[in-house]
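Here are my comments on the model you sent. Keep the structure open while you read.

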Amino acid sequence: MSIKSQIKKICPSFVLDRYHSLYLFAQRKYRAIKYRPLIKKTHEHYKEVEERIRNRGDKPLRFASYVVYDSTFGAYGLMDLMLANPQKYSPKIVICPDVARGEHQLKEQYKKTKDFFVRKYGSEYVIDGYDEATGTFIDVSEQFDVIYCANPYDAMVNKVHGVQYLSKKDVLPIFINYGYSISKWHFKEVEQSIELSLFYKYFADTTYTLKEIKKYNLNKGRNSILSGYSKMDGLKKFSSSKNERIKILIAPHHTIKGLNATLQLSNFLKYSDLILRLPDLYEDVDFIFRPHPLLFINLINKGIWTREHINDYIAKIKKSGIIYSTGGDYLSLFNECDAIIHDCGSYMVEWLYTGKPCCYVVENEKKLRKQLCLLGNKALDLHYLAKSEEEIIDFIRNVKNNRLPAKNNETVISNIMINYPNVSDFILNSIIAKVWKLIMSIPYIKLWIFVMKICSCLNVICFTKSR
């Protein structure tokens, strides 16, 4: 046993937690000082890029969405707004492969993501970021003015699709979160990543999130704007309707205990057999099984389940009568279902938009709350908690018999549902307002404004004298 392991074994947990917090604080300060020149230089570079965009005149704004996983795309509303106005905007979807999880996953997910967006928007709006025949990665950044990165992690993509690379090009990279950040781990560690500080604009989804960004971000959130969460805009388009049969969504997370040392939410292995038995327990309830996109690939990569085991489990899911759902836009599922049972991160907040009951599966509530940030704990308060099979079954029974009411807290909801359902309009207007501000800086227009102000003052003086 290593010395480090021995110390961990005998040292009280509160001492280790304090040490870890101090270590992260020192690391954050070091990284902030180390990257300060780069951050400053990058945001000065963006001013030059803004100038070049201005000099393009009234040509359509060329907008790209760099997407790895179809399920983590958060700009449907933006696409709809831009597609409705082709005179002003020219939007495209660029498919970027995941290079962090093996060649099989790279090719399989790339094809899946590409097929989804071709079906949704048409092939004319989808661009390849990868040549499947030659295995080469394609840099298309020079074709665009603004690039929305659905994935902020450079380690997940090839260099030409990364934020650090784009920050040096003649484009303005922006970040709209693909999911709510509900863990302390995200802010204490992920928020320290240089990528998030290098974005031209970083759109914050809640007041709670913005508070954490300003505290932990290397750039102190100077590039952040409180916009709201654009992904949920699409929920409003669905008309609510009562189901003849109760429909419940089952959504396990991918952070299996032992696979992720910093964030352990998933209880899938503990309840995988129960999920298969649910249709027999409740023949008059419809169940939809929607695992996190990384759940099964993580089980394979860590040697916990084989691919054959997973294929067998999925076959049993379908045979039992449970609907198996993967990929794409899941807001229609949120609209269809009467309740959710899950242990996910982002769903913890997203489901609150539906106003329907939600059950969070947890092994140790006290331990979980220590992992959650302010937003995560606020959201968890609005969930029914299940710590055993009996409590999961009890939740289903109550939903079925009583249409169990959703928990509510108007203050929390108002700090979460910022600008809903018009977040996409807000984000687009924020980008355009900046361009308009640049246009207003053209000398003759500034002179015209000055003349108008003089005339206005003269009118006021004349009006005062006339009185």
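The points below go from the whole chain to the sheets and then to one helix.

1. Overall. This is a predicted model. The protein has 19 helices and 15 strands. Of its 467 residues, 49% are buried. Take the contacts between residues at least 6 apart in sequence: 76% of them join residues at least 24 apart.

2. The sheet of 7 strands. This sheet is open, with parallel pairing and the order 3-2-1-6-7-8-9. Strand 3 (126-128) and strand 9 (224-226) are its edge strands, and each pairs on one side only. From one strand to the next, the twist averages 25°. Inside the sheet, strand 6 (residues 146-149) pairs with strand 7 (residues 172-176) in the parallel sense, over 3 bridges. Here Val146 stands opposite Leu172 of strand 7.

3. Helices on that sheet. Helix 3 (residues 76-83) packs on the sheet and touches strand 1 (61-67), strand 2 (89-95) and strand 7. The direction of helix 3 makes about 140° with that of strand 2. Helix 4 (residues 103-121) also packs on the sheet, touching strand 1, strand 2 and strand 3. For helix 4, the angle with the direction of strand 2 is about 155°.

4. The sheet of 6 strands. It is open and parallel, in the order 12-11-10-13-14-15. Strand 12 (323-324) and strand 15 (384-386) each have a single partner strand, so one side of each has no neighbour in the sheet. Strand 10 and strand 11 pair in the parallel sense over 5 bridges. Lys247 stands opposite Asp286 in strand 11.

5. Helix 9, its length and bend. How far apart are the end C-alpha atoms of helix 9 (residues 268-281)? They are 19 Å apart; at 1.5 Å a residue, its 14 residues should span 20 Å, so the two values agree. Helix 9 does bend, by about 30° at Ile275, and Pro279 follows within four residues.

6. Helix 9, its buried side. Its buried residues include Phe268, Tyr271, Leu274 and Leu278. The buried residues pack against several elements, among them helix 10 (295-301) and helix 16 (389-402). Helix 9 also lies across strand 10, strand 11 and strand 14, and runs at about 145° to strand 11.

7. Helix 9 against helix 11. The two pack at an angle of about 35°, and their axes are 10 Å apart. Helix 9 contributes Phe268, Ser272, Ile275 and Leu276, while helix 11 contributes Tyr313, Lys316 and Ile317. By type, the residues of this contact are 5 nonpolar, 1 polar and 1 charged.

Technical notes
Residues numbered from 1 in each chain as written. Predicted model: local features only at pLDDT ≥ 70, side-chain atom pairs only at ≥ 80, totals over all residues. Heavy atoms only, no water. Expected span 1.5 Å × (residues − 1). Bend = angle between axes of the 7 residues up to and from the residue. Buried < 20%, exposed > 50% of the residue type's maximum accessible area, 1.4 Å probe, protein only. Contact = heavy atoms within 4.5 Å. Axes fitted to C-alpha atoms, helices over the stretch in contact; angles between N-to-C directions. Nonpolar A, V, L, I, M, F, W, Y, C, P; charged D, E, K, R; others polar. Pairing = 2+ DSSP bridges.
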